[in-house]
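Got the viewer open? Load the model below and follow along, selecting as we go.

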Amino acid sequence: MTTMNMLPLIPEMASDGARHFEALFWYITLTSSAVGIGVYIALLYFCVRYRRGQTTGSTPRILGSVRLELTWTLVPMFVFLTYYAWGAMVYNKAVHPPEDATEIFVIGKQWMWKAQYPNGQRVIIGGNPRNMSESERQSIGKLVLPMNRPVKLTFISEDVIHDFGVPAFRSKIDVIPGRYSQVWYQPTKLGEYHVYCDQYCGTWHSLMVGKIKVVEGKEFDEFLSGYAPLQGTQNAVDGSLAHEGRQLFLKLQCINCHSATPTGKAPVLEGLYGSRVPLKGGGAEIADDAYIIESIRRPRLKVVDGWEAIMPAYDETQVSAEELNAVVAYIRSLRKGTTPDRTERFPAPNGAPTERQQSPQPSGGK
């Protein structure tokens with residue numbers, strides 16, 4: 001199959017289903033081609049061998065041959081039965097996802113795909129670049145999938161019929177309004193793969209494209225938690241634990257002191273997680289989950305060297321244990337340049353346009 005991937009016009013294979021489909025496809029193609037070529041060779045031979053010649057004798061009449069009829073009946077039937085049996089196995093595998101498959105809901109809409117992961121994370125795939133600014137084009141999201149894990153996608157359409165096609169997975173499925181349809185993949189190769197809408201769905205159908213990004217399982221788990229963005233932006237994926245922590249970070253007014261501006265009253269938190277933090281009075285701590293939680297519950301116990309102990313303590317009545325985990329996840333996801341503006345409240349989902357488009361001016365008339 002590696003040789004097949006090197007041939008031009010044949011997309012690479014990146015899923016377990018693609019491997020099964022490809023083997024069946026080439027079996028049918030090669031056997032049909034061999035039979036077809038054999039028929040044409042026999043036809044050419046008979047045309048030459050039994051052409052009208054100088055002899056006056058006639059060809060003896062054959063009234064029947066049971067052996068010959070059984071041969072041309074049973075041999076093709078056996079070949080076609082192998083098509084049916086192999087095809088049934090491939091189809092049965094394709095329509096029955098494993099019970100432990102992670103389910104992702106995908107909504108098709110002119111002209112984008114909106115995906116939601118089990119824990120609520122949301123990503124917009126594709127979109128119409130003509131309606132976006134350059135920065136928004138760079139923020140178009142990707143459908144992130146784990147390698148060697150089964151993933152089930154459940155589709156529905158908000159408007160017209162679309163079709164979710166992934167050539168590298170040898171898969172395409174209609175996405176229909178008012179009806180749920182499902183497909184499942186088990187990616188087997190790291191990388192990014194194109195997603196196309198294979199059903200004409202309107203004026204900008206050709207721009208309804210996107211990408212699937214296949215990552216290692218650990219990286220996928222970190223993506224779901226919001227630690228690794230894996231998208232066009234550095235923000236935590238919308239709906240993730242880190243995204244919830246971001247909202248709490250703004251709600252609790254942490255940004256008033258922990259801003260990334262020169263006037264900040266407390267240390268910048270970008271890149272803090274996992275780093276060595278020098279403490280006032282000597283010593284140092286590694287900024288892990290326990291250190292961050294302790295710094296929120298009892299901020300004056302270990303003050304960072306060079307800063308004043310001005311942070312108030314947050315007990316269980318103000319921040320629950322679940323909320324604290326979300327804040328820690330957010331701090332863990334912070335990277336250089338990702339601290340939000342003090343006036344920001346709710347960032348748009350990854351890939352969503354964030355600027356209002358100008359309506360086209362009518363030509364002529366009042």
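Which residue of strand 5 does isoleucine 104 stand opposite? Select both and you'll see that isoleucine 104 faces leucine 153. Before moving on, some ground rules: this is a predicted model, where local features need pLDDT of at least 70, side-chain atom pairs count only at pLDDT 80 or more, and totals for chains, interfaces and linings use all residues. Residues are numbered from 1 along each chain as its sequence is written, and side-chain values use heavy atoms, with hydrogens and water left out.

**Stop 1: the sheet around that pair**

Widen the selection to strand 1 (residues 102–109) and strand 5 (residues 151–157), which pair in the parallel sense over 7 bridges. Strands here are DSSP runs of E, at least two residues, and helices are runs of H or I, at least four residues, all numbered from the N terminus. Two strands count as paired if DSSP finds at least two bridges between them. Now bring in the rest: the open sheet has 5 strands in the order 3-2-1-5-8, with mixed pairing. Strand 3 (122–126) and strand 8 (181–185) are the edge strands, each pairing on one side only. From one strand to the next, the twist averages 25°.

**Stop 2: another sheet**

Next, select the strands of the order 4-10-9-6-7, an open sheet of 5 strands with mixed pairing. Strand 4 (143–146) and strand 7 (171–175) each have a single partner strand, so one side of each has no neighbour in the sheet. Neighbouring strands of this sheet are turned by 25° against each other on average, direction ignored. Zoom in on strand 6 (residues 162–166): it runs antiparallel to strand 7, and 5 bridges join them. Pick aspartate 163 there, and its bridge partner in strand 7 is aspartate 174.

Add helix 5 (residues 217–225), which packs on the sheet and touches strand 4 and strand 10 (209–215). Its direction makes about 135° with that of strand 4. For these angles, axes are lines fitted to C-alpha atoms (for helices, over the stretch in contact), and values run from 0 to 180 degrees between N-to-C directions. Contact means heavy atoms within 4.5 Å.

**Stop 3: helices 2 and 3**

Select helix 2 (residues 16–49) and helix 3 (residues 66–95): they pack at about 165°, with their axes 10 Å apart. That makes helix 2 roughly antiparallel to helix 3; angles under 35 degrees count as roughly parallel, over 145 as roughly antiparallel, 65 to 115 as roughly perpendicular and the rest as oblique. Show side chains for the contact, which includes His20, Phe21 and Tyr27 of helix 2 and Tyr83, Trp86 and Lys93 of helix 3.

Colour by annotation next: the unreviewed UniProt entry lists residues 24–48 and 68–86 as "transmembrane region". Such annotations may be inferred rather than shown by experiment. Residues 24–48 are 100% helix, with end C-alpha atoms 36 Å apart. Residues 68–86 are also 100% helix, and there the end C-alpha atoms lie 28 Å apart.

**Stop 4: helices 7 and 8**

Finally, go to helix 7 (residues 289–297) and helix 8 (residues 321–333), whose axes come within 10 Å and cross at roughly 120°. The two are therefore oblique to each other. Among the residues in contact are Ile292, Ile293 and Ile296 of helix 7, together with Leu324, Val327 and Ile331 of helix 8.
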